[in-house]
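Visitor: Please take me in for a close look at one part of this model. Start with a single residue and follow its contacts outward.

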Amino acid sequence: MSDRRKQLFSYPRTVEELLQQVASLHEPTNTSPTPPSLIIVDRLESFLSGPGGSSQSGFHPGERSCAAHIAALLCDTAAFLTQVLEQRGSSSAPCRIIASFLSEVNAGGDPSGTDPILDVLDRYFQVRCTLDQDSGYEATAAAVQEVWHIYLSGRGITDPSFTEDYNDRPGVAQEWKLFIFPDGLMEFKLV
Amino acid sequence: MRSFLPAVAEQLFQDIQKTYQEASQIPNDLLIALKFVFGSCALQALDLVDQHSVTCLTAPSGRKAFQVTGGSGRLYTCFLSCHYCPCPAFAYSVLRRNDGLVCKHILAVYLSQAMAATQQESVSDQQMSLLLSGTMDP
């Protein structure tokens, strides 16, 4: 039996367009025949740049509120779509959100900096998956092009409801090393 | 709303709901607890509830949102399942300074629900989209 699901790609140009598109996902044209069960937002940071672009030294005051609005809207929309999926007896429930955000903080190598936008996003997203590029000797030693350290964090890691999806895989892994070889091969290793 | 509040606040709202159902008023000890947990916005939120400032908007699709009439008459749209308010106090005290758990508008929503004082109103799905996106300036 084939599972035919529609994938819709959308390219909002501004944060206002992004908000409008997400805010309209409850409308019947978007929930028929089936509501979305996965919403992916790429490059969230590009929607949040203040006038003149974001900077480490002074985040535009509106950026935090804007980040909260988008994140809250995504979460509230997912909660509503989950409800619709469950009401229709869909096996696709719950509706999940994945968002990517490239942080400018720590780009200069200072590990003590914190990104206020990430702090805002952490209020709404249960799990954060961080990708840190390893600039040490490991890449050279392993003859790879890049080494990345990938790890999960957030309240969803310890939340029992998070592990319900993984009942048949107790002790879900939370940390990996990603090796990218010069020929493009990617290899994940559990840490 | 899914719990974004500490357990003490959740318990407080449950106690307020139970007591209000029985006696139609909030006893002093719960008012003191409310002030202790939420600070200065507790009284402001109660004031908003007294003025019937909280409305639950429902669209034909089933999507809901709360709309709170602020002290200045401005309308603030808040979400059902998580904390967000477009007011300056939320942006400053909650997000920037992490001083408060919520603003008075979100607190008014919780109290209004506990005290069964929420107004109800229907909107179209398109109107709901505009409100949620912040495009519609109420």
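Guide: One term comes first. A polar contact is a pair of N or O atoms within 3.5 Å. Within protein, one atom must be able to donate a hydrogen and the other to accept it. Keep in mind that this is a predicted model.

Now find A:T77. This residue is found in helix α4 of chain A. The side chain of A:T77 reaches back to the backbone oxygen of A:L73, at 2.6 Å. That distance lies within the 3.5 Å limit. Is A:T77 buried or exposed? A:T77 has 0% relative accessibility, so the residue counts as buried. The cut-off for buried is under 20%.

What surrounds A:T77, apart from its neighbours within four places in sequence? A:T77 is in contact with A:V22, A:L25 and A:I39. A:T77 is also in contact with B:R63, a residue of chain B. That contact takes us across to the other chain.

Stay with B:R63. B:R63 forms a salt bridge with A:D76. The closest N and O atoms of this pair are 3.0 Å apart. The count between chain A and chain B is one salt bridge. Polar contacts add to the picture: 13 residue pairs across the interface are in polar contact, both residues at pLDDT 80 or more.

Which elements of chain A give two or more residues to the side that touches chain B? They are α1 (15-23) and α4 (61-87). The largest share comes from α4(A), with 11 residues. By class, this side of chain A has 11 nonpolar, seven polar and five charged residues.

Step back to the whole contact. Chain A gives 23 residues and chain B gives 26. The two chains bury about 2100 Å² between them. Of this area, 53% is on carbon and sulfur atoms. Three residues of chain A stand out: A:H26, A:D76 and A:R123. They supply 28% of the area that chain A buries against chain B, more than any other three residues. A:D76 is the salt-bridge residue from before.

Now to rings. Over all chains, the count is four aromatic pairs. One of them is B:F13 with B:F38, a tilted pair. Their centres are 5.7 Å apart, and their planes meet at 35 degrees. The pair links distant parts of the chain. B:F13 sits in helix α1 (residues 7-23) of chain B, and B:F38 in helix α2 (residues 28-38), 25 residues apart. B:F13 is buried at 7% relative accessibility. B:F38 is buried too, at 9%.

B:F13 has another partner, B:Y110. Why is this pair called stacked? The planes are at 5 degrees and the centres are 4.9 Å apart, so the pair is stacked. For stacking, the planes must be under 30 degrees apart. B:Y110 lies in helix α5 (residues 104-114) of chain B, 97 residues from B:F13. B:Y110 is buried, with a relative accessible area of 11%. Ring pairs thus link B:F13, B:F38 and B:Y110 into a cluster.

End on helix α5 of chain B, where B:S112 is found. B:S112 is buried, with a relative accessible area of 1%. Beyond residues up to four places away in sequence, B:S112 touches B:V49, B:V54, B:A117 and B:T118.

Terms used
Residues are numbered from 1 along each chain as its sequence is written. Chains are lettered from A and ligands numbered from 1 in the order in which they are written. This is a predicted model: local features need pLDDT of at least 70, side-chain atom pairs count only at pLDDT 80 or more; totals for chains, interfaces and linings use all residues. Side-chain values use heavy atoms; hydrogens and water are left out. Contact means heavy atoms within 4.5 Å. Buried area is the accessible area (1.4 Å probe) that two parts lose on being put together, summed over both. A salt bridge is a side-chain nitrogen of Lys or Arg within 4 Å of a carboxyl oxygen of Asp or Glu. Helices (H or I, at least four residues) and strands (E, at least two) are DSSP runs, numbered from the N terminus. Ala, Val, Leu, Ile, Met, Phe, Trp, Tyr, Cys and Pro count as nonpolar, Asp, Glu, Lys and Arg as charged, and the others, Gly among them, as polar. Rings of Phe, Tyr and Trp (its six-membered ring) pair if their centres lie within 6.5 Å; planes under 30 degrees apart count as stacked, over 60 as edge-to-face and the rest as tilted. Buried means under 20% relative accessible area, exposed over 50%, partly exposed in between (1.4 Å probe, protein chains only).
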